[in-house]
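Please open the model in your viewer and keep the sequence panel beside it. The tour below moves from one selection to the next and says what is found at each stop.

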Amino acid sequence: MNIILNILNQFLKKGRSIVILKKIVRRFSKNNFDKNQYKNWLDSNKSSLGKFLKKINHRLFIETKKESLKINDYANNRLKNIKVKLGGGANDMLLYFFVRYFKPKVVLETGVAAGFSSLSILKALKKNKYGKLYSSDFPYFRIKNPENYIGILVDKKKFPNWELKIEGDEVNIPKLISNINHIDIFHYDSDKTYKGKMNVYNLIKKKISNKSILIFDDVQDDKFFYEICQSSNLQYKIFKFKSKYIGVLGKIKSNEI
Ligand SMILES: C[S@@+](CC[C@H](N)C(=O)[O-])C[C@H]1O[C@@H](n2cnc3c(N)ncnc32)[C@H](O)[C@@H]1O
């Protein structure tokens, strides 16, 4: 009953009903692809993230591991008294390391939830001493007052270089990128449907180049990542993270593989 009331509450807020309806329709749309065959492709192309990061820069890998422990300790403490279930955190090590290593001016991410990814990116930007994070999210419409939990792990006062919008990717992304010339690092972790990913990819296309690094969470769910690997001439890497796969596209030099 509470869930229905929460959904209704969000549904009545300006602009939210369209996003909620699209999410429901996409969730139940048929996804016609051979999951097993695709998993074989992912497995035969996957690399170990630890080995990969160590090989690129061992010192930075050690820094990343230390920072990851701090982030996870802090997050577990902060979240332990929160009764609601928020979306699972992204791979903070990969994000922290990439931001430290590639030193981006502009990072764009979709999917904030509690903010593991946002906090990792912002901490790395702070260490770099420059760069801005633009984040797009949409409230979890099943819980009460979901807006209060978005980015709860990030102390906004400490990170003035963070811009967060919460009206859904299709509304947020055009606004967030309107003043950006180039996206240096992009992290996708929001709407997990093929359509959701493709829509966002089409929105950001004009602001990425072969110098951008694109990271996609949960690439195992559909063929989106496979298709963009085939259609772009960028190198790609696949990492297994828990039971999921992360796909990375971009100028990863051959000695970094
Ligand atoms: C897996 S969680 C993100 C986890 C986050 N990256 C982290 O590391 O903590 C997915 C998030 O995407 C949001 N989301 C789902 N559909 C969305 C959409 N169409 N636009 C923007 N955000 C969306 C969800 O509400 C949720 O907050």
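**Stop one: alanine 113 and its surroundings**

Select alanine 113, which counts as buried because its relative accessibility is 14%, under the 20% limit that defines the term. Bear in mind throughout that this is a predicted model. Alanine 113 lies in the loop between S2 and helix H7, the latter spanning residues 116-128, and its phi is near 50°, a positive value in a residue other than glycine. Most residues other than glycine have a negative phi.

Now add glycine 151, which is found in the loop between strand S3 (132-136) and strand S4 (162-165). Glycine 151 touches Val112, Ala113, Ala114, Gly115, Lys156 and Trp162, when residues up to four places away in sequence are not counted. If you draw a distance from the C-alpha of glycine 151 to that of glycine 115, the viewer should give 4.4 Å, although the two are 36 residues apart in sequence. With a relative accessibility of 0%, glycine 151 counts as buried.

**Stop two: lysine 103**

Select lysine 103 next, in the loop between helix H6 (92-102) and strand S2 (106-110). Here too phi is positive in a residue other than glycine, with a value near 45°. Is lysine 103 buried, partly exposed or exposed? Its relative accessible area is 37%, so lysine 103 is partly exposed, a class that runs between 20% and 50%.

**Stop three: the ligand**

Display the ligand together with its shell of 19 residues, among which Lys23, Ala90, Ser117, Phe138 and Asp189 are the closest. The shell divides into 6 nonpolar, 8 polar and 5 charged residues, which can be brought out by colouring the selection by residue class.

Which parts of the protein come close to oxygen atoms of the ligand? For alanine 90, a backbone N or O atom lies 2.8 Å from a ligand oxygen, and for phenylalanine 116 a backbone N or O atom lies 3.1 Å from a ligand oxygen. In aspartate 137, by contrast, the atom concerned is an N or O of the side chain, 2.9 Å from an oxygen atom of the ligand. On its own the ligand has 610 Å² of accessible area, and the protein covers 93% of this.

**Stop four: aspartate 218**

Move to aspartate 218, in the loop between S6 and helix H10 (224-231). Its contacts, leaving aside residues up to four places away in sequence, are Asp189, Lys192, Lys197, Lys244 and Tyr245; Asp189 is also one of the residues closest to the ligand. Show the side chains of aspartate 218 and lysine 244, which are joined by a polar contact of 3.3 Å. Aspartate 218 counts as buried, because its relative accessibility is 5%.

**Stop five: serine 212**

Select serine 212, in the loop between H9 and strand S6 (213-216). At 1% relative accessibility, serine 212 counts as buried, and its side chain has two polar neighbours that can be drawn as dashed lines. One is the side chain of histidine 182, in a polar contact of 3.2 Å; the other is the backbone nitrogen of serine 209, which lies 3.0 Å from a polar atom of the serine 212 side chain. Beyond four places in sequence, serine 212 touches His182, Ile183, Asp184, Leu249, Gly250 and Lys251.

**Stop six: tyrosine 201**

Step back to helix H9 (residues 194-204) and select tyrosine 201 within it. Tyrosine 201 counts as buried, with a relative accessibility of 10%, and touches Ile208, Leu214, Phe216, Phe224 and Ile228, again without residues up to four places away in sequence. From C-alpha to C-alpha, tyrosine 201 and tyrosine 188 are 9.2 Å apart in space and 13 residues apart in sequence.

**Last stop: the whole protein**

Finally, zoom out and colour by secondary structure, which shows 10 helices and 8 strands. The C-alpha atoms fill a box of roughly 55 × 45 × 35 Å along the principal axes. The radius of gyration of the protein is 18 Å, in agreement with the value near 18 Å that a compact globule of 257 residues would have. Buried residues make up 50% of the 257 residues, and the protein exposes about 13800 Å², of which carbon and sulfur atoms supply 53%. Among contacts between residues at least 6 apart in sequence, 79% join residues at least 24 apart.

Terms used. Residues are numbered from 1 along each chain as its sequence is written. This is a predicted model: local features need pLDDT of at least 70, side-chain atom pairs count only at pLDDT 80 or more; totals for chains, interfaces and linings use all residues. Side-chain values use heavy atoms; hydrogens and water are left out. A residue is near a molecule or strand if one of its heavy atoms lies within 4 Å of it. A polar contact is a pair of N or O atoms within 3.5 Å; within protein, one must be able to donate a hydrogen and the other to accept it, and residues adjacent in sequence count only if both atoms are side-chain atoms. Accessible areas come from the Shrake-Rupley method with a 1.4 Å probe; for residues, only the protein chains shown count as cover. Ala, Val, Leu, Ile, Met, Phe, Trp, Tyr, Cys and Pro count as nonpolar, Asp, Glu, Lys and Arg as charged, and the others, Gly among them, as polar. Helices (H or I, at least four residues) and strands (E, at least two) are DSSP runs, numbered from the N terminus. Buried means under 20% relative accessible area, exposed over 50%, partly exposed in between (1.4 Å probe, protein chains only). Contact means heavy atoms within 4.5 Å. The radius of gyration is taken over C-alpha atoms; the globule rule is 2.2 Å times the number of residues to the power 0.38.
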